[in-house]
Amino acid sequence: MKNKCSAISLMLKKRIIDVKDFPKKGVLFKDITPVLEDPKIFKIITNKLYDLSKQTKFDTIVSPEARGFWFGLPLAMKAGASFIPARKPYKLPRKTISQSYELEYGGNKLEIHKDSIKPNSRVLIVDDLLATGGTIKAIYKMVKKCKAKVVGCAFLIALKSLPGIKLIENELGVPCIRLVEF
């Protein structure tokens, strides 16, 4: 299993493109669109995320807008789990709960429908990239407000130089799956 994950990590590192000063000066953006352009690689990624996350026994996936949707929705379909989008303010039509958060280059707010996550649900948070962990902590807090439990997080990429992994695993006490680290 470790060799297969290492092979996937190497494959991803060859395809992910660094873009300097995007979306603002001083940020090194990880462009994953070359990964999405190849259906074979996308299928490998979805299968690997499923294999690594199924031991958490989740029934619901929550993913933040928009890049998290790319991985959360196919994973939810493969797992037979509910998919809950965490969206920017005023994008959802029914009553919502919201949570503000900080990023490495500013702040924002996410919302989910108030009735989307059922009490006692076992939630896996899925996103494309883990940096500071602010987005994930905001989702974690909303899941708790719904009286559900976050049982794990899964990412395509984790940035080791930023505090996200420590925040999730140590402060929140949630296991963190990542296919590649930079």
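Here are a few exercises with worked solutions on this predicted model.

**Exercise 1.** Find how many helices and strands the protein has, and work out why it counts as compact for its length.

*Solution.* Start with the secondary structure: the protein has six helices and nine strands. Next, take the radius of gyration, which is 16 Å. The globule rule for 182 residues gives 16 Å, and the value for the protein is close to that, so the protein is as compact as a globular protein of that length. To finish, look at the box along the principal axes: the C-alpha atoms fill roughly 40 × 40 × 30 Å.

**Exercise 2.** Describe the burial, the surface and the charges of the protein.

*Solution.* Begin with burial, where the cut-off is under 20% relative accessible area: 47% of the 182 residues are buried. Then turn to the surface. About 9500 Å² is exposed, and carbon and sulfur atoms supply 54% of that area. Last come the charges: there are 34 positive and 17 negative ones, and their mean positions lie 5 Å apart.

**Exercise 3.** Is strand 3 mostly covered or uncovered, and which strand is joined to it?

*Solution.* First, count along residues 60–64: five of the five residues in strand 3 are buried, so to speak of it as mostly covered is fair. Second, sort the side chains by direction. Thr-60, Val-62 and Pro-64 point one way, Ile-61 and Ser-63 point the other way, and all are buried. Third, look for the partner: strand 4 (residues 82–86) runs parallel to strand 3, and five bridges join the two. As one example of the pairing, Val-62 has Ile-84 in strand 4 as its bridge partner.

Notes:
Residues numbered from 1 in each chain as written. Predicted model: local features only at pLDDT ≥ 70, side-chain atom pairs only at ≥ 80, totals over all residues. Heavy atoms only, no water. Helix = DSSP H or I, 4+ residues; strand = E, 2+ residues; numbered from the N terminus. Rg over C-alpha atoms; globule rule 2.2 N^0.38 Å. Buried < 20%, exposed > 50% of the residue type's maximum accessible area, 1.4 Å probe, protein only. Areas by Shrake-Rupley, 256 points an atom, 1.4 Å probe, with all protein chains shown as cover. Lys, Arg positive; Asp, Glu negative; His and termini not counted. Charge placed at Lys NZ, Arg CZ, Asp CG, Glu CD. Pairing = 2+ DSSP bridges.
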